[in-house]
Amino acid sequence: MNTSADPCFAPAVPLLGVEEAIERMLAQTGTVVRTRKAMLADAGGRILAEALTAPLDVPGFDNSAMDGYALNSADLATARAGGLPVSQRITAGMPGVPLIAGTCARIFTGAPVPAGADTVVMQEVCREQDARMVLDADAAVSAGANIRPRGNDIATGDTLLEPGCVLRAAHIGLVAAVGVDRLRIYRKLRVAVFSTGDELVEPGHKLAPGRIYNSNRYLLHELLITQGCKVIDLGTVPDAPAATRTALTRAAARADLIISSGGVSVGEEDHVKAALQALGEMTLWRIRMKPGKPLAFGRVHKSAFIGLPGNPVSVFVTFLLFALPVIRRLQGRSDTVPVSYPVRADFSCRAKGRREYVRVQVRASAEGPVAQAYPRQGSDVLSSVAWADGLVEIAENATVQPGDSVRYLPFAQWQQ
Ligand code: AMP
Ligand code: MG
């Protein structure tokens, strides 16, 4: 075998660091701009494609924060002494009339404060008798109390939502609050997926000797659905050059992004790189990390391509770290950078030559959050991922001892 052309055998080609790889991938990735209008009730979980500016003030008028009585603060002393006549009754949804001087208005939460009133006293500190409201002598009421001023929440012209925002419940509520009933959203990203490997068998079928079930296909399908992608499932592709090229061509015809698993390492049965180079271009390969070293990135025609490793743990970890930022950029999402938190390690680890991502569970302790590592950290041990709630990042060549502070990346941040 001629190994001289293969960069893997050329020690002069350094592997890329994680951040450098992500940076390069993002630099080569733009948003797929295909948008449509969606009704508010159908827009939850989708990505906003244009900024939303408030067309009105919320609240639109000064209103009462309490059930009570609206009055002018100049009359507070009179209200305590002999009381004030109740001259009108204003309920939520009903405009009152200007307050007659020297009187008060019975008022309810959310009702407009009448002109001439600047204060609301809550009903718990007063009593009403003979159509007069008498304020408790010891009730502390300051001028302006219990009034929610116009525009307190939202002012006309405020930028309420930026493009790239994932529309969650609170955002949808906010949009409704300003009376808008439809939004421009990005259409779903189309992602074609295939698994490579002659050894793969579909769940539900009998396993022949030496064969294994295809877990990556289902793992990836679920990860992509969680990210709001439209999945184009191309199934399993045999370890053969022509079949790999066919899969890539079919995928490129239908998808914005192609993701494969396996066949991207250095063995003779790894055909993804060659197929990618034949049909498009490979702009990045191999990362200085564990698990997940063999990862390829490039393009086939107009589709972005990510070749993930074969081992299921590597698939999971590299999907989160590399595929997700790319997907989010393609989708138009603005939050591409993961968040990590300091926690204490409850394990030891030495990351020889590569950055390591340890599958951990974090639990509370008197000294703050503590990360426990799954006992088996091999890239084939998918149970480690199922057990874990996040990853701890160990810097290249660093040694971690129990009690050391480490960076924790919770899975939860990626599950939306
Ligand atoms: P490869 O990179 O193709 O050499 O695959 C590396 C390891 O991952 C091998 O042990 C494969 O059997 C395993 N593997 C590859 N694809 C899958 C898959 N879809 N599901 C489960 N294991 C896989
Ligand atoms: Mg393989």
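Which residues are exposed on the other side of H1? They are Glu23 and Ala27, and the first view below shows where they sit. Welcome to this structure, which is a predicted model. The legends that follow take you through a handful of close-up views.

**View 1. Helix H1 and its buried face.** Helix H1 covers residues 18-27, and its buried residues are Val18, Ala21, Ile22, Met25 and Leu26. Looking down the axis of H1, you will find these buried residues within an arc of 130 degrees, so they line one face of the helix. Glu23 and Ala27, on the other side of H1, are exposed. What do the buried residues of H1 pack against? Their partners are strand S18 (281-285), strand S19 (289-290), strand S20 (296-300), helix H7 (312-331) and strand S24 (355-363). Keep S19, S20 and S24 in mind, as these strands return in later views.

**View 2. The surroundings of ligand 1.** Here ligand 1 is shown with the 16 residues that surround it. The closest of them are Glu199, Asn214, Asn216, Gly263 and Gly310. Glu199 brings a polar side-chain atom to 2.6 Å from an oxygen atom of the ligand. Two backbone contacts are also worth finding. A backbone N or O atom of Ser215 lies 3.1 Å from a nitrogen atom of ligand 1, and for Gly310 a backbone N or O atom lies 3.3 Å from a nitrogen atom of ligand 1. On its own, ligand 1 has 480 Å² of accessible area, and the protein covers 75% of that.

**View 3. Two cis peptide bonds before prolines.** Most peptide bonds are trans, which gives this view its interest. The bond from Val58 to Pro59 is cis, with omega near -10 degrees. You can locate Pro59 in the loop between strand S2 (52-53) and strand S3 (63-64). The bond from Lys290 to Pro291 is cis too, and its omega is near 0 degrees. Where is Pro291 placed? Look in the loop between S19 and S20, two strands that you met as packing partners of H1.

**View 4. Two residues with positive phi.** Most residues other than glycine have a negative phi. His301 has a positive value, with phi near 50 degrees, and is not a glycine. His301 belongs to the loop between S20 and strand S21 (303-308). Is His301 buried or exposed? With a relative accessible area of 53%, His301 is exposed. Asn397 also has a positive phi, of about 65 degrees, although it is not a glycine. The loop between strand S26 (390-394) and strand S27 (399-400) holds Asn397. This residue is partly exposed, its relative accessible area being 44%.

**View 5. A salt bridge between a strand and a helix.** How many salt bridges does a search of the whole structure find? The search finds 14, and this view shows one of them, formed by Asp233 with Arg217. The closest N and O atoms of the pair are 2.9 Å apart. Asp233 is in strand S16 (residues 230-237) and Arg217 in helix H4 (residues 216-226), so the pair ties together parts that are 16 residues apart in sequence. Asp233 is partly exposed, at 37% relative accessible area.

**View 6. A salt bridge between S24 and a loop.** The side chains of Arg363 and Asp346 come together in a salt bridge, at 3.2 Å from N to O. This pair links distant parts of the chain, 17 residues apart: Arg363 is in strand S24, and Asp346 is in the loop between strand S22 (341-345) and strand S23 (349-350). Arg363 is partly exposed, with a relative accessible area of 35%. Asp346 also counts as partly exposed, at 36% relative accessibility.

**View 7. A small network around Arg355.** Arg355 and Glu393 meet through their side chains in a salt bridge of 3.4 Å, N to O. Arg355 lies in strand S24 and Glu393 in strand S26, so parts that are 38 residues apart in sequence are tied together by the pair. Arg355 counts as buried at 14% relative accessibility, whereas Glu393 is partly exposed at 23%. Which residues are joined into one network by salt bridges that share partners? They are Glu19, Arg355 and Glu393.

Methods:
Residues are numbered from 1 along each chain as its sequence is written. Chains are lettered from A and ligands numbered from 1 in the order in which they are written. This is a predicted model: local features need pLDDT of at least 70, side-chain atom pairs count only at pLDDT 80 or more; totals for chains, interfaces and linings use all residues. Side-chain values use heavy atoms; hydrogens and water are left out. Buried means under 20% relative accessible area, exposed over 50%, partly exposed in between (1.4 Å probe, protein chains only). Helices (H or I, at least four residues) and strands (E, at least two) are DSSP runs, numbered from the N terminus. The arc is that of the directions from the helix axis to the C-beta atoms. Contact means heavy atoms within 4.5 Å. A residue is near a molecule or strand if one of its heavy atoms lies within 4 Å of it. A polar contact is a pair of N or O atoms within 3.5 Å; within protein, one must be able to donate a hydrogen and the other to accept it, and residues adjacent in sequence count only if both atoms are side-chain atoms. Accessible areas come from the Shrake-Rupley method with a 1.4 Å probe; for residues, only the protein chains shown count as cover. A salt bridge is a side-chain nitrogen of Lys or Arg within 4 Å of a carboxyl oxygen of Asp or Glu.
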